[in-house]
Amino acid sequence: MIVEKDRHQYQDLIALFNGQFKQALNTVLVAGDGEPLYQPANSDSENHQVIFAHGFFASALHEIAHWCVAGEARRQQLDYGYWYCPDGRDAAQQAAFEKVEIKPQAIEWGLAAACGFAFNVSSDNLNGVMPDRLAFQHRVHDQVLVYLQQGFPARAQRLIDAFRAFYQRPALTLADFDYRGMYER
């Protein structure tokens with residue numbers, strides 16, 4: 001029997017992700033020591049690497065979600081070719097950040113639900129303008145509804161299916177995405 005505190009181990013995500021994509025797309029999930037990073041294959045690594053922060057289960061789900069959104073050309077570039085605007089963003093920077101985070105966080109929510117893991121939206125701006133977390137949460141939820149109706153992106157769906165099988169979870173439904181009880185800051 002899996003004890004609840006032991007239920008969500010990042011090593012399981014690594015095994016499941018690598019089982020789905022190491023051979024198929026030359027991509028592995030890696031627990032990093034620092035900040036998250038996407039590293040395309042190079043002279044130091046024959047595999048593309050989705051590197052998540054400090055062995056955190058939630059960080060792994062978040063970084064996987066970004067990988068699921070990135071197209072082929074983006075997956076050939078360090079950190080998908082994006083420049084990250086760090087914590088401390090002003091209102092305009094925060095709005096731009098949240099706009100590009102809607103789809104990845106909706107996918108992350110789907111991945112978390114497939115694992116039976118709690119999800120919270122991340123505005124990731126503790127030292128900047130106070131974001132409207134509830135409004136952002138609504139936009140992410142709206143995108144989840146679109147994915148439930150039209151289907152998640154193929155790589156995300158492949159992982160959702162693998163996670164559901166591993167964690168013995170039923171098919172995702174609207175009930176898996178009730179945000180009313182989520183923690184709000």
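The lining of the second largest pocket divides into nine nonpolar residues, one polar and three charged. I should say at once that this is a predicted model. The pocket has a volume of about 190 Å³. Of its 13 lining residues, the closest to the centre are Trp-109, Phe-117, Ala-118, Phe-119 and Asp-176.

Trp-109 leads us to the helices. Helix α3 covers residues 91-115, and Trp-109 is one of the α3 residues that meet helix α4. Helix α4 itself covers residues 133-150, and its axis comes within 8 Å of the axis of α3, the two crossing at roughly 55°. The pair is therefore oblique, and the crossing is right-handed. On the α3 side, the contact is made by Glu-98, Glu-101, Ile-102, Lys-103, Gln-105, Ala-106, Ile-107 and Trp-109; facing them in α4 are Phe-136, Arg-139, Val-140, His-141, Gln-143, Val-144 and Tyr-147. By class, eight of these residues are nonpolar, three are polar and four are charged.

Helix α3 also has a contact with helix α2, residues 57-69. Here the axes again come within 8 Å, and they cross at roughly 125°. How, then, are α2 and α3 oriented to each other? The range for roughly antiparallel begins over 145 degrees and that for roughly perpendicular runs from 65 to 115, so α2 and α3 are oblique. Their crossing is right-handed. From α2, the participants are Phe-57, Ala-58, Leu-61, His-62, Ile-64, Ala-65, His-66, Cys-68 and Val-69, and they meet Glu-101, Lys-103, Pro-104, Gln-105, Ile-107, Glu-108, Leu-111, Ala-112 and Cys-115 of α3. This contact comprises 12 nonpolar, three polar and three charged residues. Glu-101, Lys-103, Gln-105 and Ile-107 of α3 take part in the contact with α4 and are also listed in the contact with α2.

I turn finally to helix α1, residues 10-25, and helix α5, residues 154-167. These two pack at an angle of about 140°, with their axes 10 Å apart. They are therefore oblique to each other, and α1 passes α5 in a right-handed crossing. Asp-12, Leu-13, Leu-16, Phe-17, Gln-20, Phe-21, Ala-24 and Leu-25 form the α1 side, while α5 contributes Arg-155, Arg-158, Leu-159, Ala-162, Phe-163, Phe-166 and Tyr-167. Which classes make up this contact? There are 11 nonpolar residues, one polar and three charged between α1 and α5.

Conventions: Residues numbered from 1 in each chain as written. Predicted model: local features only at pLDDT ≥ 70, side-chain atom pairs only at ≥ 80, totals over all residues. Heavy atoms only, no water. Axes fitted to C-alpha atoms, helices over the stretch in contact; angles between N-to-C directions. Helix = DSSP H or I, 4+ residues; strand = E, 2+ residues; numbered from the N terminus. Parallel < 35°, antiparallel > 145°, perpendicular 65-115°, else oblique. Left-handed = near helix turned anticlockwise from the far one by under 90°. Contact = heavy atoms within 4.5 Å. Nonpolar A, V, L, I, M, F, W, Y, C, P; charged D, E, K, R; others polar. 1 Å grid on protein atoms, 1.4 Å probe; cavity = no way out; pocket = protein on both sides within 12 Å on 5 of 7 lines; lining within 4 Å. Points joined across faces, edges and corners; volume = space filled by probe spheres on them.
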